[in-house]
Amino acid sequence: MNAVTVTNLSKAYKQYHRPWARLAEWVLPGARPRHSRHWVLQGVNFHVRSGEAVGIVGINGAGKSTLLKIITGTAQPTTGRVEINGRVAALLELGMGFHPEFTGRQNVFMAGQLLGYSIEEIGGRMADIEAFAEIGDYIDQPVRVYSSGMQMRLAFSVATANRPDLLIVDEALAVGDAYFQHKCMLRIRDFKTSGTTLLFVSHADEAVRMLCDRALLLEDGRIVKDAGAAEVMDYYRAGQVRRCEADEDRQALTIQEHKPEQARAGKTTLSRETLGGIHAKVMGTEPIIRSGDRVSVCIGATLEEDCADPHIGFGVRTRMGIVVYEANTYTLGRRTRPVKSGETLEVDFHFNCALYPGTYELMVGVADGGFGTGSFERAFFFDQAFLIFEVLPGRENGWQGIWDLCPEVSVH
């Protein structure tokens, strides 16, 4: 079954070339039209199957946001139709539907009702919404005092308070701090795994490749390519390069990197406790971690039962879920020791942080190897996004990517 079906969709806006032309057209309805039409979308046709994740890409002005607004019903098409099956949650423009004079809590109740929740249902989810948004006492302050990042936090929390059948996300997630973007991406990935259909607009190549099964490329309001996400993104990037080469200034295509406004030591030195007795911390040579630093990942596990051959592992992945590195004491050939119930086993991993500047997720796992067999008969704990930490630029960053290979260069 299709979650979304778009048929012969077109959208045009009227353009009046003189200030009085609109009034003249109203008072003289039988006279000639005094406007021209600017077509934002023309003859768009596609469908999205239930559970499918589809990215929509294109340069600014290609018609992406207009298409999403029509699909969500906040704008009406000039011609064509859209059919939707299931409950829709959309995150389009920041603060859409929020009243600036009302508090965040009041806006949650209003936005929730627009999504189809009852007052009782919203009240029951309010604690989870507050916890996910992490805006503290601002929840009871007027929205007009919120930063754009705080608005995005609250809007995303409300829109995803319950798993929707169809989740539509525009570039709004590009606003705000990298930590919360990680949380959003993790929730989106969880929804996708659970069967939610996803329509995702982004300029981020990595995000589209990782989240989406398929992608649509829009140019001048028309779909010019509909294929697998990787194929469409390769085609799109090649087109960007051709566009840059044809520019009069011969400007090279640049890659945007995340540059945090302010380094926060709490992100990189934070220890996190869990109910299972697992704790971990990431420590650099300074209060902050920089690319090239010597880093320690310290993991401790207090086991609630006897374990003859426990193993502790860690991994690092990007916010899109790309695993950069993953290993454990067994795969690294380091034998641990038997532990009794209530006893704590601690393992320290030391390495050079060859990561490119950005934010990453620390994965943590604890298992029983089964008397030295390495079969991991019992998994005690595993969290793919246990701790989010940030890597800042080091003294020398003459490379790009994810992990520094530290190549030796010979010229002959």
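So, helix H2: Lys 64, Thr 66, Leu 67, Leu 68, Ile 70 and Ile 71 are buried there. Keep in mind that this is a predicted model. Right after H2 comes Gly 73, with a positive phi of about 90°.

What does H2 sit against? Let me describe the sheet before I get to that. We have an open sheet of three strands, in the order E2-E1-E4, and the pairing is antiparallel. On the edges are strand E2, residues 35-49, and strand E4, residues 79-84, each of which pairs on one side only. From one strand to the next, the twist averages 20°. Helix H2, residues 64-72, packs on this sheet and touches E1, E2 and E4. The direction of H2 makes about 120° with that of E1.

Now a bit more on strand E1, which spans residues 2-16. How many bridges join E1 to E2? Eleven, and the two strands run antiparallel. If you want one pair to click on, take Lys 14, which stands opposite Arg 37 in E2. As a general reminder, strands of a sheet pair through backbone hydrogen bonds.

There's an oddity in E1 too. Asn 8 belongs to that strand, and its phi is positive, about 45°, although Asn 8 is not a glycine. Most residues other than glycine have a negative phi. Is Asn 8 buried, partly exposed or exposed? Its relative accessible area is 46%, so Asn 8 is partly exposed.

Over on the edge strand E4 we find Ile 84. Its relative accessibility is 28%, so Ile 84 counts as partly exposed. Which residues does Ile 84 touch, leaving aside neighbours within four places in sequence? Those are Ala 3, Val 4, Ile 71 and Leu 166. Ile 71, you'll remember, is one of the buried residues of H2. Also, the C-alpha atoms of Ile 84 and Thr 5 are separated by 6.8 Å, while the two residues are 79 apart along the chain.

Okay, on to a helix pair. Helix H4, residues 119-133, packs with helix H5, residues 148-159, with the axes 9 Å apart and an angle of about 140°. H4 and H5 are therefore oblique to each other, and their crossing is right-handed. From H4, the contact uses Ile 129, Phe 132 and Ala 133; from H5, it uses Arg 153, Leu 154, Phe 156, Ser 157 and Val 158. By type, the residues of that contact divide into six nonpolar, one polar and one charged.

Two turns next. Strand E14, residues 310-318, pairs with strand E15, residues 323-328, in the antiparallel sense over five bridges. Arg 317 has Val 323 in E15 as its bridge partner. Four residues lie between the strands of this hairpin, and Gly 321 takes a positive phi near 90° in it.

The other turn is the loop between strand E8 (214-219) and strand E9 (222-228), where Asp 220 lies. Here again we have a positive phi in a residue other than glycine, near 50°. Asp 220 has 65% relative accessibility, so it counts as exposed.

Last, the whole chain. The secondary structure comes to nine helices and 18 strands. Of the 412 residues, 44% are buried. And among contacts with a separation of 6 or more, 70% are between residues 24 or more positions apart.

Methods. Residues are numbered from 1 along each chain as its sequence is written. This is a predicted model: local features need pLDDT of at least 70, side-chain atom pairs count only at pLDDT 80 or more; totals for chains, interfaces and linings use all residues. Side-chain values use heavy atoms; hydrogens and water are left out. Two strands pair if DSSP finds at least two bridges between them. Axes are lines fitted to C-alpha atoms, for helices over the stretch in contact, and angles run from 0 to 180 degrees between N-to-C directions. Contact means heavy atoms within 4.5 Å. Angles under 35 degrees count as roughly parallel, over 145 as roughly antiparallel, 65 to 115 as roughly perpendicular and the rest as oblique. A crossing is left-handed if the near helix is turned anticlockwise from the far one by less than a right angle, and right-handed if clockwise. Ala, Val, Leu, Ile, Met, Phe, Trp, Tyr, Cys and Pro count as nonpolar, Asp, Glu, Lys and Arg as charged, and the others, Gly among them, as polar. Buried means under 20% relative accessible area, exposed over 50%, partly exposed in between (1.4 Å probe, protein chains only).
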